[in-house]
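Here are a few short exercises to work through with the model open beside you. Try each task before you read its solution.

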Amino acid sequence: MSTEPSNEDLQALADQVNEAFAEADVTDAVDAANQAAQDAADAAQDAADAAQEAADAGQVSAQELQVKLDETTDQLARAHADLYNLQQEYNAYVRRSREQAASHREAGAQQVTEALIPVLDEIELARQHGDLVGSFEAVGSKIENILKDKFSLTRFGQAGDVFDPNLHEALMAVDSTEVTEPTVNLVIQPGYMLGERVVRHARVQVANPA
């Protein structure tokens with residue numbers, strides 16, 4: 001039984017098509033402008049060569065030759081300037097495209113990892129209670145390794161860590177004579193980092209100096 005695509009699916013498809021056409025338009029425009037500038041440079045060079053040949057044959061005066069050479073020099077300068085500006089615009093376009101692609105990949109990786117963090121919590125709880133055995137242990141370890149190797153997702157938060165508000169979220173606090181600075185006393189829920197960015201703070205109990 002077939003299902004009709006949702007409005008969200010149609011909009012996503014439309015956005016992809018528009019992006020493809022936009023990229024094609026930019027590329028075509030760059031190619032066309034580049035060819036036009038090159039044609040102008042070639043034409044200017046041909047004019048300079050023709051003027052020089054005419055001068056050599058004695059068909060034009062020195063003054064007329066100078067005028068033609070000045071015009072040709074101006075055309076060449078304009079053509080080179082157009083080529084330079086075009087190259088700069090194209091380089092900027094390529095740089096923006098790469099930055100956007102990297103940003104999209106990063107956003108996609110974050111969405112995937114954030115969606116799987118609850119699964120990782122369940123895997124860790126099962127491991128702590130001795131319930132992660134046999135094939136379940138293999139699957140759980142595989143999921144953790146894939147997220148670590150492919151997305152650089154790492155778990156953090158251990159008892160004894162110095163409390164860092166950039167990494168930890170204090171849910172409870174106790175006084176202790178065994179610490180000289182706020183210290184993680186109990187990890188209630190581990191934290192996760194995606195590369196260098198915290199995607200979830202470790203939720204902890206903090207021991208403060210008594």
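**Exercise 1: Confidence first**

Task: find out how pLDDT behaves over residues 1-7, and where in the chain confidence is lowest and highest.

Solution. Start at residues 1-7: pLDDT (the predictor's confidence in each residue, from 0 to 100) stays under 50 there. For that stretch the model has 1 contact beyond four places in sequence, contact being heavy atoms within 4.5 Å. This is a predicted model, so to speak: local features need pLDDT of at least 70, side-chain atom pairs count only at pLDDT 80 or more, and totals for chains, interfaces and linings use all residues. Residues are numbered from 1 along each chain as its sequence is written, and side-chain values use heavy atoms, with hydrogens and water left out. Next, scan the chain: confidence bottoms out in helix α1 (residues 7-56), at a mean of 57, and peaks in β6, at 96. Helices (H or I, at least four residues) and strands (E, at least two) are DSSP runs, numbered from the N terminus. Finally, the chain average is a pLDDT of 78, with 70% of residues at 70 or more.

**Exercise 2: The sheet**

Task: work out the strand order of the open sheet of 3 strands.

Solution. Take the edges: β2 (168-176) and β3 (183-189) each pair on one side only. That fits the order β2-β6-β3, with mixed pairing; two strands pair if DSSP finds at least two bridges between them. Now zoom in on β3 and β6 (residues 202-209), which run antiparallel over 5 bridges. Across that pairing, V187 sits opposite V204 in β6.

**Exercise 3: E124**

Task: is E124 buried or exposed?

Solution. First locate E124, in helix α2 (residues 62-128). E124 counts as buried because its relative accessibility is 17% (buried is under 20% relative accessible area, exposed over 50%, partly exposed in between, with a 1.4 Å probe and protein chains only). Then list its partners: leaving aside neighbours within four places in sequence, E124 is in contact with E144 and R155.

**Exercise 4: The largest core**

Task: which element supplies the largest share of the largest nonpolar core?

Solution. A nonpolar core is a set of buried Ala, Val, Leu, Ile, Met, Phe, Trp, Tyr and Cys residues joined through side-chain atoms within 4.5 Å. The largest one has 11 residues, including I117, L120, Y192 and V199. Both α2 and β4 (191-194) supply at least two of them, and α2 gives the largest share, 5 residues.
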